[in-house]
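User: Hi! I've got a new protein to look at and I don't know where to start. Can you put it up and take my questions?

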Amino acid sequence: MKTFSALAAALMAVGVCASDPLTPEKAVADIETQKLQRNLWNLNKIARDNGGNRAFGLPGYEASGDFILERVQTRFATTIDSHKQFFNHTFAQIRDISVTGPEGEDVEVGITAALVDTPVDDARGSMCFEDQWTGIDATGKLALVKRGTCAISEKLRLAAAHGALGVILYHNAPGTPSVATLGAENIGLLPPVGTIPQAVGVAWSQRIAAGEEVVVRLYVDSVFDTRETFNIIAETKEGDPNNVIVLGAHLDSVQAGAGVNDDGSGTSAILEVISSFKKYKGLKNKVRFIWWGAEESGLIGSLYYTQTLSEEERDKIRFYLNFDMIGSINPKFDVYVGDNEGDVVGAALLEEYLLGEGLPATRAPFGTGSDYVGFIEIGVPSSGLHTGTSAGGFDPCYHLQCDGIDNISWEAITANAKAAAYAAATLANSDLADLPRRRKTTPAKRDAKAIRSEFQRWAYIAQEAEHSHSCSHNKQDVI
């Protein structure tokens, strides 16, 4: 009899749980720092076991996908539908890159040539325009060029047009230079480039000005080909399929490191949100969770997804929430909002939670460096969270090997993951009456307010310029 009573009680408990409705408060309570830590520990280990990264086209990304699928496709299968969305993209990897100065030992491989100095123009951008190359004889030489302002590819094209065998690019700020980011569309079309610190470049420029011939060696060993990769798409079985809320985070890292903050933080956050949502019944709207592939190669996975949606499927997406770098160790608390009037609906929810926790949430304009871009382009109201890159010291390990398990503010990632759960749960059970439908036309930006907003947006993009994409290149610059 006691056994029967225990069984009945258990069945009643299961029944209560099965009919338990989702609320923002329950979703927030389900987000725990320890669970976020466990996810990031696993992602960090995956990178450690696979060459130090989780980058597109390499084993660490495949293993990261397996980690997500083990949860959503195996454990959550009763309430969540999931699949991989495959696509192809150009894979590029620098296996070795080095710049050896004039005092280095002689070697038989690579380009060994005299440096030709080029003028510095910080206002327009050094060697960004044809007229700046007037009088520069770079034939058979390596051009010494200062970084900054225009795209590096523009400098390289002009250098090649003037006979340079390659370019030695010195940084436009003190400190360790980041790898040259050229974009997949330039692969195989540009001369080789090596990056060096500002102080070294200035010193070599001074030696050339003094009449010395400075001979250096540039060695680049790289590979590129087309590789298949994937997004992971998981969505609640329940909810109106004509009203879909999408949460996204990119799953890949750069080749330089494990990407625990960029973007293991967003990956972990939405994994815990879906872990919460799968427990509840009665969702009004369908919620879709997407882990993007090849983001670090130029937002490839999210752009593929948005560009291949039919107009009918685009119309069904009511809001997009993006979570990219939400655990920076010296965090700011940016809440993205753009000029689509629907953006403020989701942004206000994220802001409401963070401000309620006493955190200095600030609205920030969208840039061009994360997976919200594709959704903005098709007019879907969007928002998201971001805690900052290396610009301003928010994440000193941005795109570096040290972006590991110790490169996380647990307060920031926990608060942001809870904010994500709060906003998503609210939207999931809302009638969305105050949320405008997808905008299918671009409004003219001619009034003073719109023009001022556009200037603010571009100023923010400039501040966040370091969050650019690098074809997943690893960083192996050697002086």
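User: Let me just pick a residue. What's the relative accessible area of Cys150?
Analyst: Cys150 has a relative accessible area of 22%, so it is partly exposed. Buried means under 20% relative accessible area, exposed means over 50%, and partly exposed is in between (1.4 Å probe, protein chains only).

User: Anything I should know about the model before we go on?
Analyst: This is a predicted model, where local features need pLDDT of at least 70 and side-chain atom pairs count only at pLDDT 80 or more, while totals for chains, interfaces and linings use all residues. Residues are numbered from 1 along each chain as its sequence is written, and side-chain values use heavy atoms, with hydrogens and water left out.

User: Ok, back to that cysteine. Which residue forms a disulfide with Cys150?
Analyst: That's Cys128, and the two sulfur atoms are 2.1 Å apart. A disulfide here is a pair of cysteine sulfur atoms within 2.5 Å. The angle about the S-S bond is -85°, and the link is left-handed.

User: And where do Cys128 and Cys150 lie?
Analyst: Both are in loops: Cys128 between strand E2 (111-117) and strand E3 (142-146), and Cys150 between E3 and helix H5 (152-161), so the bond ties together parts that are 22 residues apart in sequence. Helices (H or I, at least four residues) and strands (E, at least two) are DSSP runs, numbered from the N terminus. Cys128 is buried, at 8% relative accessible area.

User: How many disulfides does the structure hold?
Analyst: Two. In the other, Cys397 is joined to Cys402, with 2.1 Å from S to S. That link is left-handed too, with -115° about the S-S bond. Cys397 counts as buried at 11% relative accessibility, whereas Cys402 is partly exposed at 42%. If you number the bonded cysteines in sequence order, the pairing is 1-2, 3-4.

User: Zooming out, how many helices and strands does the protein have?
Analyst: It has 13 helices and twelve strands. Of the 479 residues in the protein, 54% are buried.

User: Why would nonpolar side chains be buried together?
Analyst: I can only give you the general trend: in soluble globular proteins, they tend to be. In this model, the largest nonpolar core has 67 residues, and those with the most contacts inside it are Leu247, Phe277, Trp291 and Leu354. Helix H12 (residues 410-428) gives the largest share of this core, 13 residues. A second, separate core has 18 residues, including Trp292 and Tyr305. A nonpolar core is a set of buried Ala, Val, Leu, Ile, Met, Phe, Trp, Tyr and Cys residues joined through side-chain atoms within 4.5 Å.

User: What does Phe277 touch?
Analyst: Skipping residues up to four places away in sequence, Phe277 touches several residues, among them Leu22, Val287, Phe289 and Ala421. Contact means heavy atoms within 4.5 Å.

User: New topic: rings! How many aromatic pairs are there?
Analyst: There are 14. Rings of Phe, Tyr and Trp (its six-membered ring) pair if their centres lie within 6.5 Å; planes under 30 degrees apart count as stacked, over 60 as edge-to-face and the rest as tilted. Tyr61 and Phe230 are a tilted pair, because their planes are at 40°, with centres 4.9 Å apart. Tyr61 is in helix H4 (residues 59-75) and Phe230 in strand E6 (residues 215-236), 169 residues apart. Both are buried.

User: What lies over the face of Phe230?
Analyst: Lys84 does, at 4.1 Å from the ring centre. Likewise, the charged end of Arg227 sits over the ring of Phe91, 3.7 Å from its centre. A charge sits over a ring if NZ of Lys or CZ of Arg is within 6 Å of the ring centre and within 35 degrees of the ring normal.

User: Last one. Arg314: buried or exposed?
Analyst: Arg314 is buried, at 14% relative accessible area. The place of Arg314 is in helix H9 (residues 311-316), and its side chain makes a polar contact of 3.1 Å with that of Glu311. A polar contact is a pair of N or O atoms within 3.5 Å; within protein, one must be able to donate a hydrogen and the other to accept it, and residues adjacent in sequence count only if both atoms are side-chain atoms.
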